[in-house]
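Got your viewer open? Load the model, hide the clutter and follow along.

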Amino acid sequence: MHPGPLVRRLFGPYEHGVAEAYRKIFVDLDELAGLMNTWVPKAHKILEVGCGEGAMTERITRLYPAAAVTAIDITPNVGRLFRGKTSSVTFYQESVENIAAKEPGSFDLVILADVIHHVPAEARRSLLSAIAQAMAPTGSLIFKDWVVSSSPIHWLCLMSDRYLTGDDVVYCTMGGINTLVADIFGPETIRQVDTVRPWRNNVAVHVTRSQDGMLKASDQDLAIART
């Protein structure tokens, strides 16, 4: 077991609150949830890839109370700390490739939040290809990750990710995210881009498979995307 979960378990009934407080040092998940709801106000079938112990899943089920949510992760303890409406969410220890094979073109919203930096570089295209396969033709992907900077908070986040999770994390640049998305979904499929408090390293993008009937990113959004 990696040291982070082991340390958190020592807090017993306070673990959920401690985990929430620690996470908020780096990212405000409630603000990310609000951004998601602005970009995709309605969703009926949602796939969360890399849900971990269920922190983001809690927000998703509150935002979309009528949606059927499938939350997956390849690690154990999937959804262990989830505190929310259990009737609308199903947790699986499973890969997105398996879900895509079983339910192609099914999900009108896919969420990938703070996952890609844990995925080896050579496996990232495969991951996004499976997500594209799982998405409905008019579906959306909300893709959020921490991007590289030279600031002290970036190095603190790197140390936290690397030594508490035990993963050999490698963060993307914004240019790398643009290239990855374009390779899998095609050019001009990033619709909106924004940052999430408290740090501009938190970048969220809204990606679609289809260009029909979708708003293009504003000039300000595109400037962020090119950074």
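A nonpolar core here is a set of buried Ala, Val, Leu, Ile, Met, Phe, Trp, Tyr and Cys residues joined through side-chain atoms within 4.5 Å; buried means under 20% relative accessible area, exposed over 50%, partly exposed in between (1.4 Å probe, protein chains only). This is a predicted model, where local features need pLDDT of at least 70, side-chain atom pairs count only at pLDDT 80 or more, and totals for chains, interfaces and linings use all residues. Residues are numbered from 1 along each chain as its sequence is written, and side-chain values use heavy atoms, with hydrogens and water left out.

First, select Leu47, Val49, Leu112, Ile131, Leu141, Phe143 and Phe185: of the 33 residues in the largest nonpolar core, these touch the most other members. Now colour helix 6 (124-134), which gives this core its largest share, 6 residues. (Helices, H or I of at least four residues, and strands, E of at least two, are DSSP runs numbered from the N terminus.)

Next, zoom in on Phe143. Skipping neighbours within four places in sequence, its contacts (heavy atoms within 4.5 Å) include Leu112, Leu128, Ile177 and Val203. Apart from this core lies another, of 27 residues, with Leu29 and Val78 among them.

Last stop: helix 7, residues 152-165. Which of its residues are buried? Pick Ile153, His154, Cys157, Leu158, Ser160 and Asp161. Seen down the helix axis, they fall within an arc of 160° (taken from the directions from the axis to the C-beta atoms), so they line one face. They pack against helix 2 (15-24) and strand 5 (135-146). Flip to the face turned away and you'll find exposed Pro152 and Tyr163. Just after the helix comes Gly166, with a positive phi near 85°.

Notes:
The expected span of a helix is 1.5 Å times one less than its number of residues.
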